[in-house]
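Let's take a walk through a protein chain together. Have a look at the structure first, and then we'll go through some of its details.

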Amino acid sequence: MTSLKSMLVYSIGTLKILKRNTNVIYIKRTLLLPRQYIFKHTEGKLFSFGRQSSTTAASSVKAEDSFLKWFLLLIPALTFGLGTWQVKRRQWKLQLIADLRSLTTAEPIPLPIDPLELNNLEYRRVTVRGQYDHSQELYILPRSPVDPEKEAREAGRLSSSGENGANVITPFYCTDLGIKILVNRGYVPRKKIRPETREKGQVEGEVDMVGIVRLTEIRKPFVPHNDAERNRWHYRDLEAMASVTGAEPIFIDADFGSTIPGGPVGGQTRVTLRNEHIQYVITWYGLCAATSYMWYAKFIKKMI
């Protein structure tokens, strides 16, 4: 987006320089031509080269002025189109955010195990029953805690208290489905990452839990690679995590209601959707208004 703005500004400046240079060249040509007729006798005919040269130069400059006039009109037209496009993009993004909010607050459904069905259920609330295997905990770090209520209200706006810790990923054996899945139990501060520092929060026995389906992640630029040997994970690689723990590549974020005193804080689902389209709308329409006025002042106002 910034590069497009720079290109437009550079184009306007270049066209102004070309316009000034064109005028200078015309003036020089006019001054260099003597104000007299140059005659050549050819078969009894006289030709005036001086007047023809002056007329040709004037026609050339007029053609250049006309081309420049209509070419510069493309700039406000282009910026208006980009502003309108951003308006439509904003409407699409708001609808997408509303859909995600409805998913994360809808009544939970039983967890399906069909991979094709799961691929269409990201951010859907599901219910599971089973037992944790705390001996195979994985840690995604660094992470900061999410305010579950604020996250539900403001999809895509990440909140951070400045703390630094990890999300605890624990294998969970679903007794009703007969499979082992991965559950993000939630956030713990750095000093509570080791299981022995939070023994009271290690849930034993069968529990019923509500979670949100999450799919695998692609590593983003500048994010470190996962280190399975050191148990340091920086993004959700479901295939790798499932291979290490012997679980199915199924991952859910436990909701805030699953939180146990002394254990990880649930509800760490981040809906990462940025909605900055209104800024782009203002920028493009502002450029359209500015360049439209410049075009009017240059080519229309002086004719009135």
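Here is a short tour of a helix, some backbone oddities, the cysteines and the salt bridges.

Keep in mind that this is a predicted model.

Start with helix α3, which runs over residues 74–105. With 32 residues at 1.5 Å each, α3 should span 46 Å, and its end C-alpha atoms sit 47 Å apart, so the two values agree. Several of its residues are buried, including Ile75, Pro76, Thr79, Leu82, Gly83 and Gln86. Further along α3, Lys93, Ile97, Leu100 and Thr104 are buried too. An α-helix has 3.6 residues a turn, so residues three or four places apart point the same way.

Leucine 74, also in α3, is another story: its relative accessibility is 53%, and since exposed means over 50%, leucine 74 counts as exposed. Together with Phe67 and Phe71, Leu74 makes a nonpolar surface patch of about 320 Å².

Now for the backbone. Most residues other than glycine have a negative phi, and most peptide bonds are trans. Against that background, look at the bond between leucine 141 and proline 142: it is cis, with omega about -5 degrees. Proline 142 belongs to strand β5. Tyrosine 123 has a positive phi, near 75 degrees, and sits in the loop between α4 and β4. Tyrosine 123 is buried, at 10% relative accessible area. Asparagine 231 has a positive phi as well, near 55 degrees, and you'll find asparagine 231 in the loop between β8 and α6.

What about cysteines? The structure holds 0 disulfides. Cysteine 174 is buried at 0% relative accessible area, and cysteine 288 counts as buried at 11%.

How many salt bridges does a search of the whole structure find? The count is 9. Side chains of opposite charge can pair when their charged atoms come close. Three of these pairs are listed here.

| Pair | N to O distance |
|---|---|
| Arginine 129 and glutamate 206 | 3.1 Å |
| Aspartate 208 and arginine 129 | 2.8 Å |
| Glutamate 217 and arginine 236 | 3.7 Å |

Arginine 129, in strand β4, and aspartate 208, in strand β8, are 79 residues apart along the chain. Arginine 129 is partly exposed at 32% relative accessible area, while aspartate 208 is exposed at 59%. In the third pair, glutamate 217 is partly exposed at 28%, whereas arginine 236 is buried at 9%. Elsewhere, Glu122, Arg214 and Asp253 are joined into one network by salt bridges that share partners.

Terms used:
Residues numbered from 1 in each chain as written. Predicted model: local features only at pLDDT ≥ 70, side-chain atom pairs only at ≥ 80, totals over all residues. Heavy atoms only, no water. Helix = DSSP H or I, 4+ residues; strand = E, 2+ residues; numbered from the N terminus. Expected span 1.5 Å × (residues − 1). Buried < 20%, exposed > 50% of the residue type's maximum accessible area, 1.4 Å probe, protein only. Disulfide = S-S within 2.5 Å. Patch = residues over 30% accessible without salt bridge, like charges linked within 9 Å, V, L, I, M, F, W, Y side chains within 5 Å. Areas by Shrake-Rupley, 256 points an atom, 1.4 Å probe, with all protein chains shown as cover. Salt bridge = Lys/Arg side-chain N within 4 Å of Asp/Glu carboxyl O.
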